[in-house]
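I sat down with a new structure today and kept notes as I went. Here is what I looked up, entry by entry.

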Amino acid sequence: MSWFRQLEFSSDDGEQLLVSFLEELLFIAESEDLAFDGFLFALAGGNLLARLEGGSIVSRDREIKAVTFHNLIIRETERGLQTRIIFDV
């Protein structure tokens, strides 16, 4: 079964938007056993709107403990925005 979810976040800081989004994904995974693999994003000013598609988690090899700001940098490239993020596992 496929699940859909729409999330919205506001911040003037791109790194904060990304961390808030990932923290919400982690919360949903832990509390509802859902994971998402289809994403549609709209970014306007300091608002991020995300439409997600996914399904139930069948099994987990590892747990993510936390989303961190450690070495988080978002940069603009020719192909769009790029980031590298470190998770606490």
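The entries below go from the whole chain down to single residues.

**Entry 1: the whole chain.** First reminder to myself: this is a predicted model. I looked up the secondary structure and got one helix and seven strands. Reading from the N terminus, I wrote the order down as β-α-β-β-β-β-β-β. The C-alpha atoms fill a box of roughly 35 × 25 × 25 Å along the principal axes.

**Entry 2: surface and charge.** Of the 89 residues, 26% count as buried. The chain exposes about 6600 Å², and carbon and sulfur atoms supply 50% of that. I also looked up the charges: there are 8 positive and 16 negative side chains, with the centres of the two sets 6 Å apart.

**Entry 3: the core.** Which residues touch the most other members of the largest nonpolar core? That core has 17 residues, and the ones I was after are Leu7, Phe9, Phe21, Leu22, Leu25, Phe36 and Leu52. β1 (3-10), α1 (14-32), β2 (34-44) and β3 (47-56) each supply at least two residues of this core. The largest share, eight residues, comes from α1.

I then picked out leucine 7 and skipped its neighbours within four places in sequence. Leucine 7 is in contact with Phe21, Glu24, Ile28, Leu48, Leu49, Ala50 and Leu52. For the chain in general, I took contacts between residues at least 6 apart in sequence, and 54% of them join residues at least 24 apart.

**Entry 4: a hairpin.** Next I went to β5 and β6, which form a hairpin with two residues between them. The two strands run antiparallel, and five bridges join them. Glutamate 76 stands opposite leucine 81 in β6. Is β5 largely in the open or covered? None of the five residues of β5 (residues 73-77) is buried, so the strand lies largely in the open.

**Entry 5: two odd phi angles.** Most residues other than glycine have a negative phi. With that in mind, I noted two residues that go the other way.

- Aspartate 33 has a positive phi of about 55 degrees, though it is not a glycine. I found aspartate 33 in the loop between α1 and β2. Its relative accessibility is 40%, so it counts as partly exposed.
- Asparagine 71 also isn't a glycine, and its phi is positive, near 60 degrees. Asparagine 71 is in the loop between β4 (66-67) and β5. Buried or exposed? Asparagine 71 is exposed, because its relative accessible area of 54% is over the 50% cut-off.

Technical notes
Residues are numbered from 1 along each chain as its sequence is written. This is a predicted model: local features need pLDDT of at least 70, side-chain atom pairs count only at pLDDT 80 or more; totals for chains, interfaces and linings use all residues. Side-chain values use heavy atoms; hydrogens and water are left out. Buried means under 20% relative accessible area, exposed over 50%, partly exposed in between (1.4 Å probe, protein chains only). Helices (H or I, at least four residues) and strands (E, at least two) are DSSP runs, numbered from the N terminus. Two strands pair if DSSP finds at least two bridges between them. A nonpolar core is a set of buried Ala, Val, Leu, Ile, Met, Phe, Trp, Tyr and Cys residues joined through side-chain atoms within 4.5 Å. Contact means heavy atoms within 4.5 Å. Accessible areas come from the Shrake-Rupley method with a 1.4 Å probe; for residues, only the protein chains shown count as cover. Lys and Arg count as positive and Asp and Glu as negative; His and the chain ends are not counted. The place of a charge is taken as NZ of Lys, CZ of Arg, CG of Asp or CD of Glu.
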